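Here is a short briefing on how some helices pack and what lies at the core. Keep the sequence and the 3D view open while reading.

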Amino acid sequence: MKLANRVQALTPSSTLAITAKAKALKADGHDVIGLGAGEPDFNTPEYILDAASYAMKQGLTKYTPSGGIPDLKQAIIEKFSKDQGLNYKDTQIVVTTGAKHALYTLFQVILNPEDEVIVPTPYWVSYPEQVKLAEGKPVFAEAKEENGFKITPEQLEAAISSKTKAVIINSPSNPTGMMYSQEELQKLGEVCLKHDLLIVSDEIYEKLIYSEEEHVSIASLSDELYKHTIVINGVSKSHSMTGWRIGYAAGDPEIIKAMTSMASHSTSNPTSIAQYAALAAYTTDEHEVNKMKQAFGERLEKLYDWIVEIPGVACVKPKGAFYLFPNVKKASEQSGFDTVDAWVEALLEEEKVAVVPGSGFGSPENIRLSYATSLDQLEEAAKRIKRFVEKHT
Ligand code: PLP
């Protein structure tokens with residue numbers, strides 16, 4: 001056997017698979033609307049491009065410290081202090097090649113074989129795979145649709161075993177857009193503290209919230225929770241910088257040191273000029289961030305209304321991120337499809353609308369629609385989905 005066991009156990013990313021299929025159809029001349037994207041459709045703001053270009057011209061194109069340049073670490077520390085009242089030292093921050101690699105490295109440094117990590121479903125596709133790559137075991141706790149896609153403290157308690165090492169909390173969530181309130185986080189946190197678990201708080205969508213509620217980091221709720229939490233964040237979603245690959249982790253200095261050490265032997269450092277770009281992102285006001293957020297908010301309102309009027313489609317209204325996660329079980333059953341996956345495939349073939357089946361997120365009755373595309377495209381996509389459902393009913 002050529003490949004190691006750990007690679008054979010990997011599940012390919014469903015998000016990337018549908019995007020590839022949609023691209024192939026587009027290349028063949030079809031008018032495809034892609035709602036699969038996991039990235040903002042806006043250009044990276046001009047001042048960030050200028051900072052990268054300036055860094056390049058200044059010769060800042062060499063290796064940097066593995067855990068990130070000091071100025072960027074400082075800017076991240078100030079951001080935590082300003083946004084959440086969280087105080088970190090530079091030994092508690094590691095800058096990584098995207099939030100994804102922060103999570104990957106984190107699981108590598110905290111998990112021993114068979115250690116369990118509680119992953120609430122629906123989950124972001126990479127969590128279980130990253131846990132498996134670290135030879136850990138993902139244990140799923142189903143966040144039910146009727147509970148707004150949130151897990152309860154009782155469900156968390158029930159999923160814990162003597163092997164549980166960590167719990168992932170992703171608020172606002174990909175794929176559901178769900179957000180926990182401060183009170184809910186406090187209660188989940190109490191369960192984690194009772195069992196001395198590490199909390200992995202993925203806050204990558206923190207700036208994309210469309211309700212009155214404010215983002216709360218579980219790390220900010222008490223000294224004990226601060227000590228037990230590793231916060232994961234980055235500039236990909238907030239500043240439309242997915243390709244620049246800058247994320248970071250903050251928390252326990254021993255864990256951060258181990259992550260930095262791992263980075264020194266794997267990536268060496270995040271791209272130097274991308275770090276200067278991220279520095280500009282964090283040291284400039286949030287005018288551009290808010291403009292993008294406003295556009296997302298308007299799209300959410302419209303797309304939500306268009307989607308819920310489709311027969312057989314139900315949807316919990318999201319509060320953040322840029323996805324809708326409607327339940328289409330009824331619509332697909334009415335249309336004679338055995339699975340939502342088959343329904344999604346037929347939708348792409350017949351109406352040329354690419355959406356991501358919920359099965360990849362551990363939620364086979366749902367689909368994920370990204371509204372990181374123009375309102376015109378969203379309106380046309382909703383029309384086509386409606387036509388598809390009506391044709392098959
Ligand atoms: N966490 C969640 C929930 C995400 O949706 C994503 C990107 O899709 C990431 C982390 C990774 O972001 P990055 O581009 O910083 O690696």
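Asp71, Leu72, Ala75, Ile76 and Lys79 of helix H4 meet Gln275, Ala278, Leu279 and Tyr282 of helix H11. The model is predicted. H11 also packs against H3, and H11 gives the most residues to the largest nonpolar core.

**H4 against H11**
- Helix H4 covers residues 70-84 and packs on H11 at about 30 degrees.
- The axes of H4 and H11 lie 9 Å apart.
- Angles under 35 degrees count as roughly parallel, so H4 is roughly parallel to H11.
- The crossing of H4 past H11 is left-handed.

**H3 against H11**
- Helix H3 spans residues 46-57 and packs on H11 at an angle of about 140 degrees.
- Their axes are 8 Å apart.
- Roughly antiparallel would need an angle over 145 degrees, so H3 is oblique to H11.
- H3 and H11 cross in a right-handed sense.
- From H3, the contact uses Tyr47, Ile48, Ala51, Ala52, Ala55 and Met56.
- From H11, the contact uses Ile273, Ala274, Tyr276, Ala277, Leu279, Ala280 and Ala281.
- Leu279 thus appears in the contact with H3 and in the contact with H4.

**The largest nonpolar core**
- This core holds 120 residues.
- Val167, Ala249, Ala277 and Ala278 have the most contacts inside it.
- H11, residues 272-282, gives the most to this core, with nine residues.
- Domain 1 (5-43 + 287-392) and domain 2 (61-282) each supply at least three residues to the core.
- Ala277 is among the H11 residues that touch H3.
- Ala278 is among the H11 residues that meet H4.
- Beyond its neighbours within four places in sequence, Ala278 contacts Leu72, Val235, Trp244 and Ile246.
- Leu72 is one of the H4 residues in the contact with H11.

**Tyr180**
- Where does Tyr180 sit? Its place is the loop between strand E5 (164-170) and helix H8 (182-194).
- Is Tyr180 buried or exposed? A residue is buried if 20 or more other C-beta atoms lie within 10 Å of its own. Tyr180 has 23 C-beta neighbours inside 10 Å, so Tyr180 counts as buried.
- Leaving out residues up to four places away in sequence, Tyr180 touches Lys150, Ser171 and Leu185.
- Tyr180 and Ala250 are 70 residues apart in sequence. Their C-alpha atoms are 20 Å apart in space.

How values were computed:
Residues numbered from 1 in each chain as written. Predicted model: local features only at pLDDT ≥ 70, side-chain atom pairs only at ≥ 80, totals over all residues. Core = buried A, V, L, I, M, F, W, Y, C linked by C-beta atoms within 7 Å. Buried ≥ 20, exposed ≤ 12 C-beta atoms within 10 Å, placed from the backbone. Helix = DSSP H or I, 4+ residues; strand = E, 2+ residues; numbered from the N terminus. Domains from an automatic or database assignment. Contact = placed C-beta atoms within 7 Å. Axes fitted to C-alpha atoms, helices over the stretch in contact; angles between N-to-C directions. Parallel < 35°, antiparallel > 145°, perpendicular 65-115°, else oblique. Left-handed = near helix turned anticlockwise from the far one by under 90°.
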